[in-house]
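Work through the exercises below with the model open. Try each task before reading its solution.

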Amino acid sequence: MGLPLERVPDEALLSGLATGDPEIAVAFVRRFQRSVYGVAVAVVGDPRLAEDVAQQTFERAWRHAQVYDGRRGSVRAWLTAIAHNLAIDAVRARRAVPVAPEDLETLVGIVSETPERHALADDAAERVRRAVAALPREQARALVMAGIYGMTAREVAAFEGIPLGTAKTRIRAGTIKVRALLEREETR
């Protein structure tokens, strides 16, 4: 390519990945491995499973590099979207963990809800859903990724293809607005 691989633009590196060149593949993985692994571990919460998801992500990128469309977003956003989707699939496919019979009674007590507790939880969840829905879309997305998926601001930035400062601003502004909306509802 003429340039050192560290300086090659993301799109050119992705195109090179499709050729099957092992040197380019290594450079591609090194460039994006932290972002991909970060998204995967944030979603699955298991470092070993996140490594598997990251590996599948790079394999999928290699197989589908030719269909990447730069008009739809950055290579990093495309790649982290693949990682996010694969991580969600992995969580869904995860089998239930067997529980020792002596621990079962404790677990049943934890998950058992009285009708009153269930109604209160439903009401609180509905109020939060309404507050998040009232946010501008980009703030709502950032807040949900941080608050629900447990992603860091850096991971949100990578996933959205935005600067870290913008991700932090969206999360903070969204949090402040949701808190204000919930407080306003409580005072009514």
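## Exercise 1: A helix that falls short

Helix α2 covers residues 22–44, which makes 23 residues. Its end C-alpha atoms are only 29 Å apart, short of the 33 Å that a straight helix would reach at 1.5 Å a residue. Keep in mind that this is a predicted model.

**Task.** Find where α2 has a kink, and state the angle.

**Solution.**
1. Start with the span: 29 Å between the end C-alpha atoms of α2, against 33 Å for a straight helix.
2. Look along the helix for a bend. The kink in α2 is centred on Phe32.
3. Read the angle. It is about 55 degrees.
4. Check the setting of Phe32. It is among the buried residues of α2, along with others including Ile24, Phe28, Val36 and Val39.
5. Identify the cover. The buried residues of α2 are covered by elements including α1 (10–18), α3 (47–64), α4 (75–93) and α8.

## Exercise 2: A helix that fits

**Task.** Compare the end-to-end distance of α3 with the span expected at 1.5 Å a residue.

**Solution.**
1. Take the 18 residues of α3. They should span 26 Å.
2. Take the end C-alpha atoms. They are 25 Å apart, which agrees with the expected span.
3. List the buried residues of α3: Leu49, Ala50, Val53, Ala54, Thr57, Phe58 and Ala61.
4. Name their partners. These residues pack against α1, α2 and α4.

## Exercise 3: One threonine

**Task.** Decide whether Thr57 is buried or exposed. Then list what Thr57 touches beyond four places in sequence.

**Solution.**
1. Locate Thr57. It sits in helix α3.
2. Apply the cut-off: buried means under 20% relative accessible area. Thr57 has 0% relative accessibility, so Thr57 counts as buried.
3. Leave out residues up to four places away. Thr57 then touches Val36, Leu79, Ile82, Ala83 and Leu86.

## Exercise 4: A surface patch

**Task.** Name the residues that form a nonpolar patch with Tyr149, and classify the exposure of Tyr149.

**Solution.**
1. Place Tyr149. It lies in the loop between α7 (137–147) and α8 (153–160).
2. Find its patch partners. Val144 and Ile148 join Tyr149 in a nonpolar patch on the surface.
3. Add the area. Together the three residues have about 260 Å² accessible.
4. Classify Tyr149. Its relative accessible area is 30%, so Tyr149 is partly exposed.

## Exercise 5: The whole chain

**Task.** How many helices and strands does the protein have, and what share of its residues is buried?

**Solution.**
1. Count the elements: 9 helices and 0 strands.
2. Read the burial: of 188 residues, 34% count as buried.
3. Turn to the surface. The protein exposes about 12,300 Å², and carbon and sulfur atoms supply 54% of it.

Technical notes. Residues numbered from 1 in each chain as written. Predicted model: local features only at pLDDT ≥ 70, side-chain atom pairs only at ≥ 80, totals over all residues. Heavy atoms only, no water. Patch = residues over 30% accessible without salt bridge, like charges linked within 9 Å, V, L, I, M, F, W, Y side chains within 5 Å. Areas by Shrake-Rupley, 256 points an atom, 1.4 Å probe, with all protein chains shown as cover. Salt bridge = Lys/Arg side-chain N within 4 Å of Asp/Glu carboxyl O. Helix = DSSP H or I, 4+ residues; strand = E, 2+ residues; numbered from the N terminus. Buried < 20%, exposed > 50% of the residue type's maximum accessible area, 1.4 Å probe, protein only. Expected span 1.5 Å × (residues − 1). Bend = angle between axes of the 7 residues up to and from the residue. Contact = heavy atoms within 4.5 Å.
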